[in-house]
Amino acid sequence: MADTVLYEVHDGLATITLNRPEAMNALSIAAKVALRDAVEAAAEDDAVRAVLLTAAGDRAFCVGQDLKEHIGLLLADREAGTGQTMTTVREHYNPIVRALTGMPKPVVAGVNGVAAGAGLGFALAADFRVVADTAAFNTSFAGVALTADSGVSWTLPRVVGPGRAADLLLFPRSVTAQEAYELGIANRVVPAAELRAEAERTARALAEGPTVAYAALKEAMAYGFTHSLAETLEKEDELQSRAGASEDHAIAVRAFVGKETPKYLGR
């Protein structure tokens, strides 16, 4: 059986590829465990300075839960009187989203096709989304009588606003790549044939950038969502002191004065 998730690191860039194209990269238990382990490995590896999260095939980025597997587990749960099936949110989805959003390095999602349910959640958990013009997004949850998971109830309102988020969650529908760009879900839309190359270029540029500054920017934005202006100003002071003490800041200043292109070390 092929690996459900592929993981490789090259020159500071970790590439994580969902690898079940025959199932539209649906999330079986094996795929969820492998994805969780890969994302956490990238987060903890100091040699990794950026992450590219993408998927095999051209039909889907990830359509969320593997419902064929899910229905069998759900029926077994009901017969046994247990609720083990739904522990996947706690055991898999939550750790994946925490690692994507919390890692001190940027994450690019290369969305090659349909991103639905948890697939949408993982794309939204990335810092930047490069999207194929043939891709589409769908919340899906209410369509199978479920509530949002994989962080969507937190990320989607912050990306598109609470009113549009309520519309997309209560009335699930397919959102085209162009509409996703207009809503802010997609940062960049490219021809499908160019998706992988453009996503890699974007992630590679971030892997070669000032990693400490990127980490501080992620932390500052996450903090600012849930704190007052006064508190956020204090956090900015703290984070700017950290970034200002980095080797990369000194490299950037010297390069600016010398009219050269900085070559960052990621520290």
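**Exercise 1. Strand S7 and its neighbours**

S5 and S7 pair in the parallel sense over four bridges. The model is a predicted one. Work out which other strand pairs with S7, and which residues stand opposite each other.

*Solution.*
Step 1. Take the S5 side. Val111 has Val131 of S7 as its bridge partner.
Step 2. Look for another partner strand. S7 also pairs with S10, in the parallel sense, over three bridges.
Step 3. Find a residue pair there. Val130 stands opposite Arg188 in S10.
Step 4. Ask how enclosed S7 is. Four of its five residues are buried, so S7 is largely enclosed by the rest of the structure.

**Exercise 2. Helix H8**

Compare the span of helix H8 with its expected span, then find what its buried residues pack against.

*Solution.*
Step 1. Count residues. H8 covers residues 195-207, which gives 13 residues.
Step 2. Compare spans. From first C-alpha to last, H8 reaches 18 Å, close to the 18 Å expected at 1.5 Å a residue.
Step 3. List the buried residues. They are Leu195, Glu198, Ala199, Thr202, Ala203, Leu206 and Ala207.
Step 4. Find what they pack against. The strands are S2 (13-18), S3 (50-55), S5 (107-111), S7 (128-132) and S10 (188-190). Helix H9 (211-225) is also packed against these buried residues.

**Exercise 3. A salt bridge within H8**

Glu200 and Arg196 form a salt bridge. State its distance, and place the two residues along the helix.

*Solution.*
Step 1. Read the distance. The side chains meet at 2.8 Å, N to O.
Step 2. Place the residues. Glu200 and Arg196 are four residues apart in helix H8, so about one helical turn separates them.
Step 3. Check exposure. Partly exposed covers the range between 20% and 50%. Glu200 has 33% relative accessibility, so Glu200 is partly exposed. Arg196 has 33% relative accessibility and also counts as partly exposed.

**Exercise 4. A salt bridge between distant parts**

Asp66 and Arg20 form a salt bridge. Locate both residues, and decide whether each is buried or exposed.

*Solution.*
Step 1. Read the distance. The side chains of Asp66 and Arg20 meet at 3.0 Å, N to O.
Step 2. Locate the residues. Asp66 is in the loop between strand S4 (60-62) and helix H2 (67-80). Arg20 is in the loop between S2 and helix H1 (29-44). The pair links distant parts of the chain, 46 residues apart.
Step 3. Apply the cut-off. Buried means under 20% relative accessible area. Asp66 has 10%, so Asp66 is buried. Arg20 has 15% relative accessibility, so Arg20 is buried.

**Exercise 5. From one pair to a network**

The structure holds twelve salt bridges. One of them joins Lys235 and Glu219. Find which parts this pair ties together, and which network it belongs to.

*Solution.*
Step 1. Read the distance. The side chains of Lys235 and Glu219 meet at 3.4 Å, N to O.
Step 2. Place the residues. Lys235 lies in helix H10 (residues 229-244) and Glu219 in helix H9, so the pair ties together parts 16 residues apart in sequence.
Step 3. Check exposure. Lys235 is buried at 12% relative accessible area, whereas Glu219 is partly exposed at 29% relative accessibility.
Step 4. Extend the pair. Salt bridges with shared partners join Glu219, Lys235, Glu238 and Arg242 into one network.

**Exercise 6. A nonpolar patch**

Name the residues of the nonpolar surface patch, then place Leu146.

*Solution.*
Step 1. Name the members. Leu67, Met86, Val144 and Leu146 make a patch of about 340 Å².
Step 2. Place Leu146. Leu146 is found in the loop between strand S8 (136-138) and helix H5 (152-160).
Step 3. Check exposure. Leu146 has a relative accessible area of 40%, so Leu146 is partly exposed.

Conventions. Residues numbered from 1 in each chain as written. Predicted model: local features only at pLDDT ≥ 70, side-chain atom pairs only at ≥ 80, totals over all residues. Heavy atoms only, no water. Expected span 1.5 Å × (residues − 1). Buried < 20%, exposed > 50% of the residue type's maximum accessible area, 1.4 Å probe, protein only. Contact = heavy atoms within 4.5 Å. Patch = residues over 30% accessible without salt bridge, like charges linked within 9 Å, V, L, I, M, F, W, Y side chains within 5 Å. Areas by Shrake-Rupley, 256 points an atom, 1.4 Å probe, with all protein chains shown as cover. Salt bridge = Lys/Arg side-chain N within 4 Å of Asp/Glu carboxyl O. Pairing = 2+ DSSP bridges.
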